[in-house]
Amino acid sequence: TALPHVKQYVEHGRTGFMYPVGDAAALNKILRELMNEPAKAKAIGDAAAREVRERFGIDHEAAAMQRLYETFS
């Protein structure tokens, strides 16, 4: 759903899909497209997984912790 806080994490058509709140027809259209194009669904899922690992994965967490600890030294 295209909620304000979600837009910063999901790139429509690349890492997921956004549709207006309460718009079941728009969601239905997206789901039908993905069901009819499994390769596209997989590519988007793969892109989303990569994005999450890059933005929120353990390497990101470790770097953030290191920056935090460096502020105290």
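Trainee: How much area does the chain expose, and what share of it do carbon and sulfur atoms supply?
Mentor: This is a predicted model, where local features need pLDDT of at least 70, side-chain atom pairs count only at pLDDT 80 or more, and totals for chains, interfaces and linings use all residues. Residues are numbered from 1 along each chain as its sequence is written, and side-chain values use heavy atoms, leaving out hydrogens and water. Accessible areas come from the Shrake-Rupley method with a 1.4 Å probe, and for residues only the protein chains shown count as cover. The chain exposes about 5700 Å², and the share from carbon and sulfur atoms is 60%.

Trainee: Which elements does the chain have, and in what order do they run?
Mentor: Helices (H or I, at least four residues) and strands (E, at least two) are DSSP runs, numbered from the N terminus. The chain has three helices and zero strands. From the N terminus on, the order is α-α-α.

Trainee: Why is the chain called more spread out than a compact globule?
Mentor: The radius of gyration is taken over C-alpha atoms, and the globule rule is 2.2 Å times the number of residues to the power 0.38. For 73 residues the rule gives 11 Å, so the chain is more spread out than a compact globule, with a radius of gyration of 17 Å.

Trainee: What does the C-alpha trace span along its principal axes?
Mentor: The three spans are taken on the C-alpha trace of the chain. They come to about 55 × 25 × 10 Å.

Trainee: What percentage of the residues is buried?
Mentor: Buried means under 20% relative accessible area, exposed over 50%, and partly exposed in between (1.4 Å probe, protein chains only). Of the 73 residues in the chain, the buried ones make up 16%.

Trainee: Is threonine 15 buried or exposed?
Mentor: Threonine 15 is found in the segment before helix 1 (24–36). Its relative accessible area is 11%, so threonine 15 is buried.

Trainee: Which residues does threonine 15 touch, not counting those up to four places away in sequence?
Mentor: Contact means heavy atoms within 4.5 Å. On that basis, threonine 15 touches Tyr9, Val10, Ile44, Ala47, Ala48 and Glu51.

Trainee: How far is the backbone nitrogen of glutamate 11 from a polar atom of the side chain of threonine 15?
Mentor: The pair joins the backbone of glutamate 11 to the side chain of threonine 15. The distance is 2.8 Å.

Trainee: Where is glutamate 51, and which residues does it touch beyond four places in sequence?
Mentor: Glutamate 51 sits in helix 2 (residues 38–56). At 17% relative accessibility, glutamate 51 counts as buried. Its contacts, not counting residues up to four places away in sequence, are Arg14 and Thr15.

Trainee: Is valine 21 buried or exposed?
Mentor: Valine 21 lies in the segment before helix 1. Valine 21 touches Thr1 and Leu3, not counting residues up to four places away in sequence. With 59% relative accessibility, valine 21 counts as exposed.

Trainee: How many Å apart in space are arginine 67 and glycine 16?
Mentor: Arginine 67 lies in helix 3 (residues 58–71). Arginine 67 is partly exposed, with a relative accessible area of 49%. In sequence, arginine 67 and glycine 16 are 51 residues apart; in space, C-alpha to C-alpha, they are 31 Å apart.

Key: Polar contact = N/O pair within 3.5 Å; in protein donor to acceptor, adjacent residues only side chain to side chain.
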